[in-house]
Every structure is written in C-alpha cells, then in structure tokens.
Amino acid sequence: MSYSVGQVAAFAGVTVRTLHHYDRAGILSPSGRSHAGYRLYGDADLARLQQILFYRELGFSLDEITAILNDPQANALEHLRSRQRELSEEIARLQRLAEVAERAIEVQQTGVSLTPRERFDVFGEITFDLSYATEAQLKWADSAGQREAMARAASHTKEDWRQLMAEAAAWRGDLLTAFDADEPGDGERAMDLAEEHRHYVTRWFTSCPPDMHRRIADDFAADPRAFALVVPPSQQRPGLAAYLCKAVHANAARSTHSDPLEDR
C-alpha cells in the first residue's frame with residue numbers, strides 16, 4: 001500500500017515539514033509519487049521511518065542515523081551501546097544536579113530569609129556565583145566538611161551573618177595592607193593572616209585542618225569566582241589570590257613543624 005505524506009505524518013506523530021526535511025536530507029525519500037507528483041510512502045518507507053524515530057529518540061543526529069541505516073556493515077549494536085553509556089553518564093550528571101537543587105531548596109527553606117536590601121547590608125560587594133556554588137557542591141558532594149558547612153550556614157541568623165562578614169572584612173583589610181606593603185607571601189605576617197582565615201572557617205562553617213585549607217586556597221588561586229567570595233573584585237589586586245595561596249601553603253607547612261593553636 002501507499003500512503004500520502006499527510007497520512008504518514010499522522011501515523012508517526014511527526015509534522016509534514018519533518019518528512020519533507022528527511023526527504024531533502026536524503027535519509028527518508030518516498031518510494032513513489034502520485035500522478036500529480038505528490039509523495040507516496042510504502043511499507044518499507046514506514047519501517048525505515050520507525051527506525052529513524054527510534055534513533056532520534058535516543059539522541060542520535062541525522063548524520064549518525066544515515067550512516068547506520070545506509071551502511072550494511074555498520075554495527076548498530078555498538079552504536080547503541082555507545083549511546084547507552086552516554087545516556088547513563090548524562091543521567092548520573094542530572095541526578096547529581098537534582099541532588100544539589102534539593103539541598104539548595106533545603107537551605108532556602110531552613111536558612112535566613114533576606115530581602116535584597118538586607119542582603120546588601122550584610123554581604124555588601126561579596127557575591128555568590130551560582131555556577132561556582134553548584135560546581136563546588138558537585139565537587140565536594142561526598143565531603144563531610146561540605147555537608148557540615150552547608151548545614152551551619154543554613155543555621156546562621158542574620159546577626160551571625162553580620163558578625164562573620166564584619167570579621168571577614170577586618171581580616172581582608174589586614175590582608176590588603178600586608179600585600180600592599182610587600183610583605184612576603186611566606187613571611188610571618190602573611191602566614192599569621194592565613195592562620196586567622198583557617199580559624200575563621202572553622203569557627204563559622206566547618207573544621208578546617210591545614211590540608212583542607214590548602215585545597216581551599218588552591219581554588220582561590222585557580223578560580224576568580226571562588227576568590228570573589230573573600231575579596232570582592234573592586235578590592236582585588238593582580239597577584240593577590242596567588243599571594244594568599246602562597247601564605248596558606250606556607251602556614252600549612254609551618255604547622256607541621258610546630259604545635260598550632262587549637263581552633264577556637
């Protein structure tokens with residue numbers, strides 16, 4: 001039997017325009033024409049269309065589908081296995097994102113509700129880049145420290161946030177003073193400032209041993225979005241992130257040769 005393009009579109013749940021596109025692309029050309037020149041599709045054409053739609057549903061491109069259908073030597077099973085692996089990886093990635101979104105919702109539900117004005121009053125120029133926050137959450141999802149930090153951040157009151165941000169601003173001012181005075185990054189003053197920052201993280205978010213502090217500092221040096229959490233762009237200087245990273249590493253090395261103060 002032969003079917004018109006409209007009938008085939010209705011059977012398959014696609015548009016007539018899609019069938020015209022497949023014809024122009026050479027992936028599905030009707031096997032016949034009516035006396036008036038209209039496209040006519042046979043049973044074999046419908047079977048091929050079914051295969052095309054199956055592969056399209058799995059995310060294959062038209063070029064990939066054409067190669068599979070037109071080459072009798074093509075190993076469709078290998079193509080399907082490869083696509084299965086890609087889909088499994090994508091499912092896992094989306095699942096992680098869903099978990100991050102769920103945790104973010106929990107934080108919003110249990111955290112402090114701030115109006116835009118209150119956010120500005122508390123955080124000032126410090127901004128939280130959502131893309132960085134999401135990546136960091138994925139990166140450290142299995143870390144007990146990350147989970148503790150998220151939980152403690154959610155429990156802070158507005159007054160807690162004001163106090164911790166004031167402490168951060170005072171520390172930041174001392175860091176900029178040391179940097180502008182050309183104090184060496186591995187000198188006593190810079191290392192003391194690194195130690196202050198480590199205690200600050202422990203006091204307000206999560207226990208921060210030297211190894212963890214090194215990883216945090218590495219993020220500051222590698223990702224401007226992370227460094228903007230401690231020094232807003234308007235106060236940054238070229239080389240400041242690397243300076244802080246050097247100070248943290250030097251302080252961590254120092255702590256292995258001396259008895260560091262207990263986290264307070």
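Buried, on this tour, means under 20% relative accessible area. Keep that cut-off in mind, because Cys245, at 12% relative accessibility, counts as buried by it. The model on your screen is a predicted one, and every stop below is something you can select and look at.

**The whole chain**

Start with everything shown as a cartoon. You should be able to pick out 13 helices and three strands. Colour by accessibility and 33% of the 264 residues come out as buried. If you'd rather draw a contact map, look at the contacts with a separation of 6 or more: residues 24 or more positions apart account for 65% of them.

**Helix 9 against helix 10**

Now select residues 158-180, which is helix 9, and residues 188-204, which is helix 10. The two pack with their axes 10 Å apart, at an angle of about 170°. An angle over 145 degrees counts as roughly antiparallel, so that is the label for helix 9 and helix 10.

Show side chains along the contact next. Helix 9 brings Asp160, Gln163, Leu164, Met165, Glu167, Ala168, Trp171, Asp174, Leu175 and Ala178, while helix 10 brings Arg189, Leu193, Glu196, His197, Tyr200, Arg203 and Trp204. Colour that set by class and you get nine nonpolar, two polar and six charged residues.

Zoom in on Arg189, which lies in helix 10. Arg189 counts as partly exposed because its relative accessibility is 31%. Which residues does Arg189 contact, leaving aside neighbours within four places in sequence? They are Asp174, Ala178, Glu183 and Glu196. Put a distance label on Arg189 and Asp174: C-alpha to C-alpha they are 9.5 Å apart in space, and 15 residues apart in sequence.

**The loop between helix 9 and helix 10**

Stay around here and click on Asp182, in the loop between helix 9 and helix 10. Most residues other than glycine have a negative phi. Asp182 has a positive value, near 60°. Is Asp182 buried or exposed? It is exposed, with a relative accessible area of 66%.

**Helix 9 against helix 13**

Keep helix 9 on screen and add residues 240-255, which is helix 13. Here the axes come within 11 Å and cross at roughly 100°. Angles of 65 to 115 degrees count as roughly perpendicular, which is therefore how helix 9 and helix 13 are described.

For the contact, select Trp171, Leu175, Leu176, Ala178 and Phe179 of helix 9 together with Leu240, Tyr243 and Leu244 of helix 13. Colour by class again: this contact has eight nonpolar, no polar and no charged residues.

While helix 13 is up, select Ala250, which sits in this helix. Ala250 counts as buried because its relative accessibility is 16%. Not counting residues up to four places away in sequence, Ala250 touches Asp186 and Met191. Measure from Ala250 to Asp192 as well: the C-alpha atoms are 10.0 Å apart, with the two positions 58 residues apart in sequence.

**The aromatics**

Switch to ring display for Phe, Tyr and Trp. How many aromatic pairs does the structure hold? There are seven. One of them is Tyr200 with Phe205, with 6.5 Å centre to centre and 65° between the planes, which is edge-to-face. Both partners are on the buried side of the cut-off: Tyr200 has 13% relative accessibility, and Phe205 has a relative accessible area of 18%.

Then jump to Phe54, Tyr55 and Phe60, where the three form one aromatic cluster.

**Thr206 and its surroundings**

Go back to Phe205 and step along to Thr206, in the loop between helix 10 and helix 11 (210-222). Thr206 is buried, at 6% relative accessibility. What is Thr206 in contact with, once neighbours within four places in sequence are left aside? Show Gly145, Glu148, Ala149, Arg152, Val201 and Met212 to see the full set.

**Last stop: the cysteines**

Finish by selecting Cys208 and Cys245. Cys208 is buried, with a relative accessible area of 0%. Cys245 is buried too, at 12% relative accessibility. How many disulfides are there in the structure? With sulfur atoms within 2.5 Å as the criterion, the count comes to zero.

Note on methods. Residues are numbered from 1 along each chain as its sequence is written. This is a predicted model: local features need pLDDT of at least 70, side-chain atom pairs count only at pLDDT 80 or more; totals for chains, interfaces and linings use all residues. Side-chain values use heavy atoms; hydrogens and water are left out. Axes are lines fitted to C-alpha atoms, for helices over the stretch in contact, and angles run from 0 to 180 degrees between N-to-C directions. Helices (H or I, at least four residues) and strands (E, at least two) are DSSP runs, numbered from the N terminus. Angles under 35 degrees count as roughly parallel, over 145 as roughly antiparallel, 65 to 115 as roughly perpendicular and the rest as oblique. Contact means heavy atoms within 4.5 Å. Ala, Val, Leu, Ile, Met, Phe, Trp, Tyr, Cys and Pro count as nonpolar, Asp, Glu, Lys and Arg as charged, and the others, Gly among them, as polar. Rings of Phe, Tyr and Trp (its six-membered ring) pair if their centres lie within 6.5 Å; planes under 30 degrees apart count as stacked, over 60 as edge-to-face and the rest as tilted. Buried means under 20% relative accessible area, exposed over 50%, partly exposed in between (1.4 Å probe, protein chains only).
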